[in-house]
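Reader: Could you take me through one part of this model closely, namely the salt bridges and what surrounds them? I'd like to hear where the partners sit and how open they are to solvent.

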Amino acid sequence: MDFIPDIKDDIEQLRSFLNIQDVNDLLKIDPLIYLKKFESHSILPEGLSEKEVMNEASLLQNKNRSIEYYIGGGIYHHYIPAMVDEISSRSEFYTSYTPYQPELSQGYLQAMFEYQSVISRLTSMEVSNSSLYDGATALVEAVNMAFNITRKNEIIIPSNINPHYLNVLKTYNISNRFQLNFVPTPEGIVSADDIRTRISDNTAAVVLQNPNFFGLVEDVNSISRLVKEKGALLIAVFYPLSLGLLKSPGDYDTDIAIGEGQSLGLYPSFGGPLLGIIATKKKYMRKLPGRLVGMTNDSDDNKGFVLTLQAREQHIRRKMAFSNICSNQALCALRSLLYCSAMGEEGLRNVALINYSRAHKVARLITDKKIAKLKFNLPFFNEFVLEFSSEKEMSRFRNYLKKQNVLFGLPLIKYYKEYNKDLLVSTTEMNDTDRLKDLIVQFK
Amino acid sequence: MVEVQDSLLYAPSHEWIRIEGDIGIIGITDFAQSQLGDIVYIELPETDENIFMNSAFGSIESVKTVSELIAPVNGNIIETNEELAASPELINKDPYNNGWLIKIKIEDKKQIEGLLSPGDYEDMISGGNE
Amino acid sequence: MEKFIFEYKEKSELYLKKEEGDGKVEISKDLLQKKELGLPNISEGTLVRHFTNLSRNNFGVDNGFYPLGSCTMKYNPKVNEKIAGNDKFLNSHPLMDEEYFQGNLELLYNMGEMLKSISGMAGITFQPAAGAHGEVTGIMLIRAYHNFKKDTKRNKIIVPDSSHGTNPATAAIADFEVVEIRSNKDGLVDLNALKKVLGPDTAALMLTNPNTLGLFEKEILTISKMVHDAGALLYYDGANLNPLLGRVRVADMGFDVVHFNLHKSFSTPHGGGGPGSGPVGVSKDILPFLPVPIIKKDKDLFSFNYDLKNSIGHVHSFYGNFNVIVRAYFYILELGIEGLRKVSEKAILNANYLKEKLKKYLELPYKSNCLHEFVLSGEKLKAFGLHTTDLAKRLIDYGYHPPTIYFPLIVPEAIMIEPVETETKEVLDKFARDFEKIMNEASSQPDLLKEAPHNTPVKRLDDVMAARNPVLTFDDYESSNK
């Protein structure tokens with residue numbers, strides 16, 4: 001299959017119209033040299049039929065083993081209403097591109113405007129863009145924005161921020177544009193004193209993740225007050241689905257809110273595609289990276305939508321641009337709009353509460369049976385850290401559940417050497433906690 | 001036909017400056033605004049900041065372009081045109097009066113000598129345009 | 001315009017049953033959500049209607065000819081959607097133990113091998129989520145390479161004036177100084193201009209080849225020698241790879257770092273602006289710096305290797321846009337080597353054919369044979385009081401998505417047309433005929449163009465109003481109405 005529609009005659013006609021024997025006649029270099037190299041090195045197989053491709057696909061798919069998992073770490077398995085898949089599969093949406101021609105793209109533009117509106121309301125921030133790549137690069141963009149707003153370069157970052165995000169931020173800082181000042185969090189949450197001793201006149205922003213990587217709820221109000229007293233910006237990293245239960249970033253005076261939007265209607269999908277959410281205050285909107293959809297009038301004074309404030313972007317500003325982002329994750333943003341719209345006010349509160357309750361139920365089951373204890377005895381949302389008596393005990397419990405087709409928790413040693421007997425456990429509405437209860441009861 | 005005012009001095013980057021003693025008032029020329037088209041936003045520095053000859057002190061945006069604003073001379077900003085935030089179209093309508101950008105205290109009056117006279121500027125834009 | 005989704009007052013469906021839970025929420029009240037979330041209250045039936053109607057106001061490749069230059073809007077095979085929509089792919093979590101996602105690893109590994117074969121590069125990372133993301137990854141790799149050699153004074157990156165805006169923007173956000181060089185009269189890199197700016201402070205030259213005029217840089221081997229002799233590296237912007245598939249390997253042109261746009265060359269749907277995928281390929285010298293993890297194959301067992309001591313680190317939360325890569329992988333399997341070569345052949349034939357047909361009507365500033373796309377200038381339209389944009393809007397009335405306009409910047413009133421291989425000669429012929437009609441209208445009834453499009457849900461929109469008084473949310477809209 002090659003999806004080239006022409007019959008041989010038509011291709012011959014193209015060739016003879018152009019007066020060439022072979023398309024290589026149109027290439028200006030000696031293509032034969034290249035072609036030869038190509039052939040002598042090619043490992044590409046013969047093309048396949050659709051049926052053969054389906055077989056190849058199922059061979060690979062079957063090498064992925066399905067298992068129920070209690071794993072989060074930034075990606076969460078949530079229920080997605082069927083209509084989300086159905087609508088986002090409409091090819092008028094998914095086979096279009098960036099809406100450069102608004103008259104042909106009012107559908108997508110309105111959807112992105114509605115997405116911006118939903119994110120703005122959910123986060124209590126005034127402005128949201130229409131998506132970034134993922135949570136990690138959204139953090140990079142937020143830090144960069146803070147730098148561009150304040151012209152200061154010190155960023156204070158607690159070590160309980162998602163380590164996947166920190167890794168990306170460190171990579172992007174290869175030329176030391178920022179001075180990254182890390183704050184240890186041995187108690188699980190950020191201590192205001194630790195921020196107070198570090199914050200200075202050179203601080204552009206303080207980053208705060210809520211719930212943090214350990215699932216714990218931060219004292220966002222007092223940290224925010226402190227940051228504001230010192231005249232720095234607050235960058236909040238949030239878990240969108242938790243906002244059905246927890247305070248929104250804008251309600252504790254966040255300046256730039258970023259998050260991974262996967263929990264709003266995207267599959268875990270092996271970590272991609274994801275959805276980078278970024279929202280800010282209106283006064284900073286001209287420093288916001290990425291596409292923005294705005295409302296305006298047409299020549300008959302009817303309302304319509306366009307990409308706006310484009311002079312911020314790389315295609316106009318070129319080397320003066322604050323970000324190089326071009327393509328974003330529009331279809332993922334559409335899915336999250338569909339998800340939020342389907343779930344609605346009550347639905348989002350409900351799913352957040354279910355997550356909270358089930359995670360607490362699981363934590364109690366484990367701690368009551370003294371299999372492990374909670375490492376941090378602090379309020380959490382749907383994720384918590386279990387501390388076992390030893391690494392061996394942790395593995396024994398985890399392997400026991402693996403045999404029952406349950407993958408339980410993420411060993412934290414992957415991120416923190418000293419947390420070698422600790423397990424980060426996430427619970428969502430997709431987990432069969434009743435079955436887990438039985439399995440725990442039987443564990444010896 | 002674009003207007004070049006006689007009472008002003010000009011920079012090759014299309015800014016004008018009106019000299020009033022030690023004070024300079026700076027804006028962009030009628031030619032510049034006509035090239036940019038509808039201005040939608042101006043980014044200006046704060047009062048009391050310093051600007052330096054031939055360096056950018058801000059930027060000006062239309063829908064499809066953005067240009068840097070280049071300082072014709074060194075100086076310290078004593079006032080910025082606050083009306084532009086809400087009404088950037090003033091630059092299109094009245095670039096030499098209500099569309100002014102910043103008022104500065106000129107640091108070194110010698111720098112003025114290097115600027116273009118109205119006649120020279122007019123030659124420059126008519127030469128560059130045709 | 002469709003009514004806003006916030007304007008309905010209906011009952012939402014219950015997608016999850018309420019659960020009592022066995023305890024109350026033990027979080028301090030001032031940390032809890034107290035406000036209304038402000039989410040829509042709408043039933044599923046109304047919701048589906050809302051979005052179905054929105055989709056009808058949107059134009060995709062499945063709706064019609066979409067010759068958007070530089071974007072390679074080819075047909076997106078449905079079988080790839082079906083494969084990517086499989087549960088085993090969708091529900092695999094990136095942080096599971098490796099034994100549970102061997103299929104994903106094998107796919108990525110094989111895809112890496114195929115991209116290496118297509119490009120001649122020595123190693124691949126899949127983390128970049130889009131072309132621009134690939135660019136910044138590539139430029140950071142270049143910095144890491146020079147840093148490793150303690151060659152830290154290389155602070156400049158050269159780009160041609162015809163480059164995509166992402167090139168200078170990428171170099172600038174990666175803290176390099178951007179040096180732009182003018183193209184020569186043939187629209188190609190001016191070797192003398194290049195020579196002048198190359199030096200011990202040059203980190204890299206970023207090039208698209210064929211360039212944004214659709215022209216092959218025929219002196220590419222000279223260019224790469226000049227760049228390498230200066231101790232700098234050569235970066236390949238893969239936006240225009242389509243016409244080289246199966247013919248020219250990027251590495252054989254002397255490039256050290258390349259990003260691919262899987263959503264362009266390898267047919268993954270553009271999604272309304274994403275998700276794309278922008279894997280980066282590197283030469284042997286850059287291998288040690290690739291982002292981690294890289295995929296290791298040991299007999300039939302695949303694993304992630306994080307142990308690369310000179311790696312730049314990570315550029316994505318996980319491993320990139322996996323589910324986009326899935327589609328591109330099966331696309332390559334469907335085509336095979338012969339299919340890819342047919343793709344590049346037909347893409348080149350289509351572009352040259354249409355170029356020859358259209359150059360009668362508008363000026364073709366760079367006349368040589370093109371590869372996958374060509375650029376016309378709409379300067380001639382000014383005689384009728386019209387601009388390129390008017391022509392583009394009139395094309396909408398004829399059922400087309402307009403080409404890219406006003407880019408590249410070096411062509412005044414530019415119209416950049418990329419007809420792609422999945423369009424028939426019949427489509428191109430009709431497009432050429434309609435183009436001719438529009439050019440006749442331009443002289444006889446210019447208002448038809450000036451007021452176009454005529455049959456869309458909205459007429460031309462006021463960009464100035466949108467930018468001067470930004471209305472960016474429904475709440476902005478409501479308060480502006482008060």
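Author: Here is a walk through a few salt bridges, with a stop at one neighbouring residue and one chain contact along the way. Keep in mind that this is a predicted model.

Let's start with the overall tally: counted over all chains, there are 57 salt bridges. I'll pick out a handful.

A good one to begin with sits inside chain A. A:Lys281 and A:Asp255 pair up through their side chains, with N to O at 2.9 Å. In sequence the two are 26 residues apart, and the pair links distant parts of the chain. A:Lys281 belongs to the loop between β8 (276-280) and β9 (293-297), while A:Asp255 belongs to the loop between β6 (233-238) and β7 (256-260). So, are these partners buried or exposed? A:Lys281 has a relative accessible area of 17%, so it counts as buried, given that the cut-off is under 20%. A:Asp255 is buried as well, at 3%.

While we're there, have a look at A:Thr254, which is also found in the loop between β6 and β7 of chain A. Its relative accessible area is 1%, so A:Thr254 is buried too. The side chain of A:Thr254 reaches the backbone oxygen of A:Pro249, at a distance of 2.7 Å. Not counting neighbours within four places in sequence, A:Thr254 has contacts with A:Met125, A:Leu234, A:Ala236, A:Pro249 and A:Lys281. That last name ties back to the salt bridge, since A:Lys281 is the partner of A:Asp255.

Now for pairs that go from chain to chain. C:Lys18 makes a salt bridge with A:Glu346, and their closest N and O atoms are 2.8 Å apart. C:Lys18 is in the segment before α1 (44-56) of chain C and A:Glu346 is in helix α12 (residues 330-368) of chain A, so this pair joins two chains. As for solvent, C:Lys18 is exposed at 52% relative accessible area, and A:Glu346 is partly exposed at 48%.

Chains A and C also meet through A:Arg65 and C:Glu99, a salt bridge whose closest N and O atoms lie 3.9 Å apart. Here A:Arg65 comes from the loop between α3 (50-62) and β1 (68-70) of chain A, and C:Glu99 from the loop between α3 (87-90) and α4 (102-119) of chain C. Both count as partly exposed: A:Arg65 has a relative accessible area of 45%, and C:Glu99 has 35%. This pair isn't on its own, either. Through salt bridges that share partners, A:Arg65 and C:Glu99 are joined with A:Arg398, A:Lys402 and C:Asp97 in one network.

Finally, what does the contact between chain C and chain B look like? About 480 Å² is buried between them, with 59% of that on carbon and sulfur atoms. Four residues of chain C and eight residues of chain B take part. On the chain C side, C:Asp463, C:Val464 and C:Arg468 lose the most area, together 84% of what that side buries. There is one salt bridge between these two chains; it pairs B:Glu89 with C:Arg468, with the closest N and O atoms 3.9 Å apart. Two residue pairs are in polar contact across this interface. The chain C side that touches chain B is made up of two nonpolar residues, no polar ones and two charged ones.

Conventions. Residues are numbered from 1 along each chain as its sequence is written. Chains are lettered from A and ligands numbered from 1 in the order in which they are written. This is a predicted model: local features need pLDDT of at least 70, side-chain atom pairs count only at pLDDT 80 or more; totals for chains, interfaces and linings use all residues. Side-chain values use heavy atoms; hydrogens and water are left out. A salt bridge is a side-chain nitrogen of Lys or Arg within 4 Å of a carboxyl oxygen of Asp or Glu. Helices (H or I, at least four residues) and strands (E, at least two) are DSSP runs, numbered from the N terminus. Buried means under 20% relative accessible area, exposed over 50%, partly exposed in between (1.4 Å probe, protein chains only). Contact means heavy atoms within 4.5 Å. Buried area is the accessible area (1.4 Å probe) that two parts lose on being put together, summed over both. A polar contact is a pair of N or O atoms within 3.5 Å; within protein, one must be able to donate a hydrogen and the other to accept it, and residues adjacent in sequence count only if both atoms are side-chain atoms. Ala, Val, Leu, Ile, Met, Phe, Trp, Tyr, Cys and Pro count as nonpolar, Asp, Glu, Lys and Arg as charged, and the others, Gly among them, as polar.
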